[in-house]
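Student: Can we go through this one together? I'd like to start with the pockets.
Tutor: Sure, here it is.
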Amino acid sequence: MQFKRRNFIKKSVASAAGLAAGAMFPADLLGLDHDLTRIKEIVVKPVQRPAPKESIKFSVIGINHSHINGMVSALIKGGGQLVSVYAKEEDLLRGFTRAFQNVKIAKSEEEILEDESIRLVASAAIPVERAPLGIRVMKAGKDFMADKPGIVTLEQMKEVRKVQKETKRIYSIMYSERLGVPAAVHAGELIRAGEIGKVVQTIGLGPHRMTPASRPAWFFDPGKAGGILCDIGSHQSDQFLFYTNSKQAELSYSQTGNFNLPKYPEYQDFGDMLVRSDHATGHIRIDWFTPGGLATWGDGRTFILGTDGYIEMRKYIDIAGRQGGNHLFLVNQKETRYFDCREVYLPYGEQLVSDVVNRTETAMSQEHCFLATELALIAQKNAHKVGA
């Protein structure tokens with residue numbers, strides 16, 4: 001026993017010495033031609049861009065979610081001219097007209113739909129009202145831009161698909177966790193450049209902060225809001241399809257639960273789902289559990305696995321790390337890089353304006369738009385109930 005113990009100690013000391021000596025050898029003697037301990041930090045500089053080539057007049061119907069402000073701003077930056085707004089709620093109108101002071105308040109929805117100069121209608125109405133409105137907009141010969149969830153039932157989806165096919169109008173859903181986040185846009189650019197090889201999986205984490213007192217009654221009604229997978233899950237389905245370049249996909253499983261809001265028994269504050277295409281998989285987890293100690297509304301994170309590397313995005317905060325949001329980390333066969341993406345250009349608004357004018361699909365294909373939401377709707381409908 002003593003002999004074995006002495007032998008073990010000798011080997012351990014020798015191993016430790018070997019490791020220490022190895023640390024002193026230059027990288028080229030270890031078969032490495034670069035320093036893998038050094039992280040390259042890159043601040044992505046803003047690019048001087050010409051003014052948008054195309055311009056359209058657009059209006060707004062329905063402003064029940066504050067996302068409408070970002071949607072309108074994206075269109076204006078992309079060449080759109082905001083003409084008018086219609087909403088039933090006077091208090092919401094006061095806030096909207098403070099943000100967009102030159103907008104005309106329409107007396108009715110029909111006033112906008114009958115105005116032939118209006119090319120597109122944007123809406124962040126109560127979610128269950130968005131698809132019926134979009135159908136009326138398309139039948140009036142205009143294109144439609146909806147906040148997500150842009151459709152809340154499979155029955156609505158069937159009718160929207162039918163009318164869109166008949167009218168050939170655009171039904172665009174702004175999946176803002178990709179289209180409105182500079183880091184998410186830059187991740188797409190890096191993937192297209194081949195920086196991490198072929199993408200085989202995405203993991204999307206979408207935590208949100210719950211402040212019940214600040215939410216309207218419809219928010220807690222899945223019949224009106226669509227449910228957690230239909231709502232936030234559509235963001236993540238969009239990212240899975242986009243980053244993996246999947247043209248078709250299906251649901252593997254889904255779950256929802258209400259762990260912390262017994263006052264609203266039909267509401268869901270947790271959900272996850274697994275999706276797959278013929279060449280990639282996606283795991284999605286979303287919740288309303290962001291704690292009060294976090295400096296922002298949610299630590300949204302996306303992991304993109306490729307055959308030659310991976311990307312991690314910390315979209316809104318790098319806890320106990322770098323300031324601000326839009327942090328992107330990339331590791332591949334050559335190096336580790338950090339990208340500060342705050343100044344990356346967001347093309348969605350300009351692309352959508354161009355699509356309206358030229359009848360193209362540069363912002364996103366119509367099938368991609370529908371498939372991202374359809375995956376979330378199927379997940380919502382088939383979800384196994386977990387929790388209390």
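Student: What classes of residue make up the lining of the largest pocket?
Tutor: The lining has 24 nonpolar, 15 polar and ten charged residues. Here Ala, Val, Leu, Ile, Met, Phe, Trp, Tyr, Cys and Pro count as nonpolar, Asp, Glu, Lys and Arg as charged, and the others, Gly among them, as polar. One caution: this is a predicted model, where local features need pLDDT of at least 70 and side-chain atom pairs count only at pLDDT 80 or more, while totals for chains, interfaces and linings use all residues. Residues are numbered from 1 along each chain as its sequence is written, and side-chain values use heavy atoms, with hydrogens and water left out.

Student: What counts as a pocket, then?
Tutor: Picture a 1 Å grid over the protein atoms alone. A pocket is an open set of points with protein on both sides within 12 Å along at least five of seven lines. A cavity is a set of points where a 1.4 Å probe fits but cannot get out. Lining residues have an atom within 4 Å of a point.

Student: How much space lies in the largest pocket?
Tutor: About 1,200 Å³. That volume is the space filled by probe spheres set on the points, with grid points joined across faces, edges and corners.

Student: Which residues lie nearest its centre?
Tutor: His65, Ser66, His67, Ile68 and Gly70, out of 49 lining residues.

Student: And which helix gives the most to that lining?
Tutor: Helix 2 does, with eight residues. Helix 2 spans 67-77. Others that supply at least two residues include helix 3 (90-99) and helix 5 (127-139). Helices (H or I, at least four residues) and strands (E, at least two) are DSSP runs, numbered from the N terminus.

Student: What about the second largest pocket? How much space is in there?
Tutor: About 580 Å³. It has 29 lining residues, and the closest to its centre are Arg178, Arg192, Phe242, Asn245 and His368. Helix 8 gives the most to this lining, with six residues. By class, the lining divides into 13 nonpolar, nine polar and seven charged.

Student: Switching to cavities. How many are there of 30 Å³ or more?
Tutor: Two. The largest holds about 90 Å³ of space. The second largest has a volume of about 40 Å³.

Student: What lines the largest cavity?
Tutor: Phe219, Pro222, Ala225, Gly227, Ile228, Asp231, Tyr267, Gln268 and Trp288. That makes six nonpolar, two polar and one charged. Helix 9 (222-225) and helix 10 (228-244) each supply at least two of them.

Student: And the second largest cavity, what classes line that?
Tutor: Three nonpolar, five polar and no charged. Among the lining residues are Thr202, Gln236 and Phe240.

Student: Back to Phe219. Which aromatic cluster is it in?
Tutor: Phe219 clusters with Phe220, Tyr264, Tyr267 and Trp288. The whole structure has 13 aromatic pairs. Rings of Phe, Tyr and Trp (its six-membered ring) pair if their centres lie within 6.5 Å; planes under 30 degrees apart count as stacked, over 60 as edge-to-face and the rest as tilted.

Student: How do Phe219 and Phe220 pair up?
Tutor: Edge-to-face, 5.1 Å centre to centre, with 90 degrees between the planes.

Student: Why is the pair of Phe220 and Tyr264 called stacked?
Tutor: Because the ring centres of Phe220 and Tyr264 are 3.9 Å apart and their planes are at 10 degrees. The two residues sit 44 residues apart in the chain.

Student: Is Tyr264 buried or partly exposed?
Tutor: Tyr264 is partly exposed, with a relative accessible area of 22%. Phe220 is buried, at 8%. Buried means under 20% relative accessible area, exposed over 50%, partly exposed in between (1.4 Å probe, protein chains only).

Student: Last topic. How many residues has the largest nonpolar core?
Tutor: It has 81 residues. Val60, Ile68 and Tyr171 are among those with the most contacts inside it. Helix 12 (residues 366-382) gives the largest share, seven residues. Another core, of 20 residues, lies apart from it, with Val44 and Phe339 among its members. A nonpolar core is a set of buried Ala, Val, Leu, Ile, Met, Phe, Trp, Tyr and Cys residues joined through side-chain atoms within 4.5 Å.
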